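Subject: Structure for your review

Dear colleague,

Please find below the structure that I am handing over to you. I would be grateful if you read the notes that follow with the model open beside them.

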Amino acid sequence: MKLVELTVSEFIETLGSDAPAPGGGSAAALSATMGISLTKMVCELTIGKKKYAEYEDEIKLVFDETKQLQKNLLEAIDKDTEAFNAVSAVFSMPKDTDDEKAARRAAMQSALEGAAKSPLDMMKLMLEALEVTKRAIGKSNTNAASDLGVAALSLKAGIQGAWLNVLINLSGIKNEEFVASYRQDGEALLAKGCLLADEIYEETLKVV
Ligand SMILES: Nc1nc(=O)c2c([nH]1)NC[C@@H]1CN(c3ccc(C(=O)N[C@@H](CCC(=O)O)C(=O)O)cc3)C=[N+]21
């Protein structure tokens, strides 16, 4: 059963249980999915309204992007649990002989790389989602201005949370080039994302 098919109560129950997954990576993706959904909602509440006719074209473009990002971020919830499950699975591999130890080490490196890729991929989507959310500011239904602020905060929690998951996996990866490249990409995504989220939050405070 996919995580995204659970009811909210069931998901929360599983998340809070001692089951190894879902973990923080899936929770970060869920937070971001809520964020982009709020941006999409604000677009829905704007399109077709006379008061915002001058922004209609731009908000329709933003709306189309929120639809795709919502889909991709929703998928990231299950993808991350699959990526982390692959790491957990390596723990049960045998380690009695030298061959077994070598196979286990190689499998662990490959699983950790997958578990680092999942949250880095999410961060790219989260930054796009923040960029898209920013475009809706000042051009969308003012009754829902606070929702764009909540969108930014949920996306910020997502991008910061995803980064922590990249980092914890990088700490076990021996391929130095892989680690350096992920660190560089992740730090850039994080810096841009946090700046945008803070700007959106500050803009929101001025209009609520
Ligand atoms: N892409 C990604 N997504 C994550 O969600 C993610 C991640 N990477 N990297 C690491 C962190 C940490 N995290 C844990 C979840 C459960 C246990 C857990 O249940 N541990 C049990 C034993 C688990 C076992 O033996 O299989 C224990 O410590 O007793 C541990 C760690 C998820 N994370």
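Helices, as the word is used in this message, are DSSP runs of at least four residues, numbered from the N terminus. Please also bear in mind that this is a predicted model.

Overall architecture

With that definition, the secondary structure of the chain comes to six helices and zero strands. Read along the sequence, the pattern is therefore α-α-α-α-α-α. The C-alpha atoms fill a box of roughly 75 × 35 × 25 Å along the principal axes. Of the 208 residues in the chain, 42% are buried.

An unreviewed UniProt entry carries the annotation "domain: Cyclodeaminase/cyclohydrolase" for residues 7-185. In the model, that span is 78% helix and 0% strand, and its end C-alpha atoms lie 34 Å apart.

The ligand and its surroundings

Which residues surround the ligand? They are P20, G23, G24, G25, D80, F84, A115, P119, N165, I168 and N169.

Polar atoms of several of these residues can be located with respect to the ligand. A polar side-chain atom of D80 lies 2.6 Å from a nitrogen atom of the ligand. N169 likewise places a polar side-chain atom 2.9 Å from a ligand nitrogen. In the case of G25, a backbone N or O atom lies 3.1 Å from an oxygen atom of the ligand. On its own the ligand has 670 Å² of accessible area, and the protein covers 56% of this.

The shell can also be described by its helices. Helices α2 (24-44), α3 (56-91), α4 (98-136) and α5 each give two or more residues to the shell around the ligand. The largest share, three residues, comes from α5.

A buried threonine in helix α3

T66 is located in helix α3. Is this residue buried or exposed? T66 is buried, because its relative accessible area is 0%. Its side chain reaches the backbone oxygen of F63 at a distance of 2.6 Å.

Salt bridges

Side chains of opposite charge can pair when their charged atoms come close. The structure holds 12 salt bridges, and some of them are described here.

In helix α3, the side chains of E56 and K60 meet in a salt bridge, with an N to O distance of 3.4 Å. E56 and K60 are four residues apart, about one turn of the helix. E56 counts as buried because its relative accessibility is 16%, whereas K60, at 40%, counts as partly exposed.

Helix α6 offers further examples. The side chains of E187 and R183 meet in a salt bridge at 3.9 Å, N to O. Both residues lie in α6, four residues apart, which is about one turn of the helix. E187 is partly exposed at 44% relative accessibility, and R183 is partly exposed at 39%.

E203 forms a salt bridge with K206, and their closest N and O atoms are 3.1 Å apart. This pair also lies in α6, with a spacing of three residues, again about one turn of the helix. E203 is partly exposed, with a relative accessible area of 32%, whereas K206 is exposed, with 64%.

In addition, E58, E65 and R135 are linked in a network of salt bridges.

A nonpolar surface patch

Which residues make the nonpolar surface patch? L153, Y201, L205, V207 and V208 make it, with an area of about 470 Å². Helix α6 (residues 176-207) provides the largest share of the patch, three residues. L153 has its place in helix α5 (residues 145-170). At 42% relative accessibility, L153 counts as partly exposed. Residues of a patch must have over 30% relative accessible area, so L153, at 42%, meets that cut-off.

Points to look at

When you open the model, I suggest beginning with helix α5, which gives the largest share of the shell around the ligand and also holds L153. Helix α6 may then be followed through the salt bridge of E203 and K206 to the nonpolar patch, where α6 has the largest share.

With kind regards

Note on methods
Residues are numbered from 1 along each chain as its sequence is written. This is a predicted model: local features need pLDDT of at least 70, side-chain atom pairs count only at pLDDT 80 or more; totals for chains, interfaces and linings use all residues. Side-chain values use heavy atoms; hydrogens and water are left out. Patches are made of residues with over 30% relative accessible area and no salt bridge: like charges are joined within 9 Å, nonpolar side chains (Val, Leu, Ile, Met, Phe, Trp, Tyr) within 5 Å. Accessible areas come from the Shrake-Rupley method with a 1.4 Å probe; for residues, only the protein chains shown count as cover. A salt bridge is a side-chain nitrogen of Lys or Arg within 4 Å of a carboxyl oxygen of Asp or Glu. Buried means under 20% relative accessible area, exposed over 50%, partly exposed in between (1.4 Å probe, protein chains only). UniProt positions are given in the numbering used here, feature names are shortened, and annotations may be inferred rather than shown by experiment. A residue is near a molecule or strand if one of its heavy atoms lies within 4 Å of it. A polar contact is a pair of N or O atoms within 3.5 Å; within protein, one must be able to donate a hydrogen and the other to accept it, and residues adjacent in sequence count only if both atoms are side-chain atoms.
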